[in-house]
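User: I should like to understand the terms used to describe a protein model. Please explain what justifies each of them.

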Amino acid sequence: MAKWLLVDGFNLAFRAFYGMPELTRSDGFPTGALHGWVKSLWRLEDDEKPSATLVFFDLGGSQDRLALHPEYKAQRQETPEPLEKQIPVIKQLTRAMGLVGVERDGVESDDLLAAQAVALSKEGHDVLIVSADKDFAQVVNDRIKILLPPPTANPKLGWRVLDTSGVAEKFGVTPAQIADYLALVGDASDNIPGLAGVGPKTAAKWLQEHGTLEGVIANAAALKPDRFREVVATDAERLRLNRQLTTFNLGLPTVEAVRAEPQVGELLRLLEELEMKSTLAEARKRYMQPELF
């Protein structure tokens, strides 16, 4: 069967923005993230040689999660203005490169991506999720793996693959327990408060012993350290709410599993218009002399 690359669009866009110098067109329009974006996708395609690549973008927040928790992601800072200006162009470049862009208003792109990954894996395809978001660990299985980008603090580590054994090593729990684990420890990036004082080791130990969040709650009177016994029992409903917030909606519609063809003329036009000379030169070689790649 086929190998699919599913890209967390905003995650990669932020990396491209912060990983490149502040480049601009002659009229001052920012282009740094655009250079980083195109080169990152080319490198991923060169290295992984997927049958096709889908890129997922957000079109606003998750209405379901906001209804449950109005403060969901409320702490996140606004997207930097130079990056905000480049996002629409990133989407144009993505489609011109022949990479399918997926977005749906009112639904988080993470849910769309996770649903697509699970659907493809059930059809027998292999899936690589390109993201640094730990939430995706909950859908890792024999066919779905995460391709982690190089950490900003140590780029020499390069891209790393996270499989089921890697999830267990990194978090101390199985992929099936990740949503429960995040419900206990919280997720600062999504503004989901965990249980005060409960860190990764304690949460992992409880889940190893009791299997699920419900198992932890049911055995609250026997938990160690014993100072958490009353807290878990008292906060049981909030923990269950957390579990709803940290669990992907895998019932969302997916896109057809087909490879799009690059719109070479449109891509070259965009790159020329953006004055991205080195990227334009490489694009001409890639799409007009593909044998070189």
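Analyst: The following exchange takes up each term in turn and sets values against definitions.

Analyst: This is a predicted model, in which local features need pLDDT of at least 70, side-chain atom pairs count only at pLDDT 80 or more, and totals for chains, interfaces and linings use all residues. Residues are numbered from 1 along each chain as its sequence is written, and side-chain values use heavy atoms, with hydrogens and water left out.

User: How many helices and strands does the protein have, and what makes a stretch count as one or the other?

Analyst: The protein has 13 helices and eight strands. Both are DSSP runs numbered from the N terminus: a helix is H or I over at least four residues, and a strand is E over at least two.

User: Why is the protein called as compact as a globular protein of its length?

Analyst: The radius of gyration is taken over C-alpha atoms, and the globule rule is 2.2 Å times the number of residues to the power 0.38. For 293 residues the rule gives 19 Å, and the protein has 21 Å, which is close to that value; therefore the description applies. The C-alpha trace spans about 65 × 40 × 35 Å along its principal axes.

User: What makes A2 buried or exposed?

Analyst: Buried means under 20% relative accessible area, exposed over 50%, and partly exposed in between, with a 1.4 Å probe and protein chains only. A2 has 18% relative accessibility and therefore counts as buried. A2 is found in the segment before β1. In the protein, buried residues make up 47% of the 293 residues.

User: Which residues does A2 touch, and what is called a contact?

Analyst: Contact means heavy atoms within 4.5 Å. Setting aside residues up to four places away in sequence, A2 touches S51, H125 and D126. Among contacts in the protein between residues at least 6 apart in sequence, 67% join residues at least 24 apart.

User: Why is strand β1 called largely enclosed?

Analyst: Strand β1 covers residues 3-8, and five of its six residues are buried, so the rest of the structure largely encloses it.

User: How do you know that β1 is paired with other strands?

Analyst: Two strands pair if DSSP finds at least two bridges between them. Between β1 and β4 (residues 126-130) there are five bridges in the parallel sense, and L6 stands opposite I129 in β4. Five bridges also join β1 to β2 (residues 52-56), and these strands run parallel; V7 has V55 in β2 as its bridge partner.

User: What holds for strand β5: is it enclosed or open, and which strands does it pair with?

Analyst: Four of the five residues of β5 (residues 144-148) are buried, so the strand is largely enclosed by the rest of the structure. Four bridges join β5 to β4 in a parallel arrangement, with L128 opposite K145. Three bridges join β5 to β6 (residues 160-162), which run antiparallel; here L148 stands opposite R160.

User: Why is helix α7 called mostly covered?

Analyst: Helix α7 spans residues 178-185, and seven of its eight residues are buried. Among them are I178, Y181 and L184. The buried residues of α7 pack against several elements, including α6 (164-171), α8 (200-210) and α11 (236-246). Just after the helix, G186 takes a positive phi of about 85 degrees.

User: Are D110 and S109 in helix α5 buried or exposed?

Analyst: D110 has a relative accessible area of 9% and is therefore buried. S109 has a relative accessible area of 3% and is therefore buried as well. D110 touches D8, D133, F136 and F248, leaving out residues up to four places away in sequence. With the same exclusion, S109 is in contact with F56, F57 and D58.

User: What makes K49 and E275 buried, partly exposed or exposed?

Analyst: K49 has 62% relative accessibility and therefore counts as exposed. E275, with a relative accessible area of 39%, is therefore partly exposed. Phi of K49 is near 45 degrees, a positive value in a residue other than glycine. E275 is not a glycine either, yet has a positive phi of about 60 degrees.
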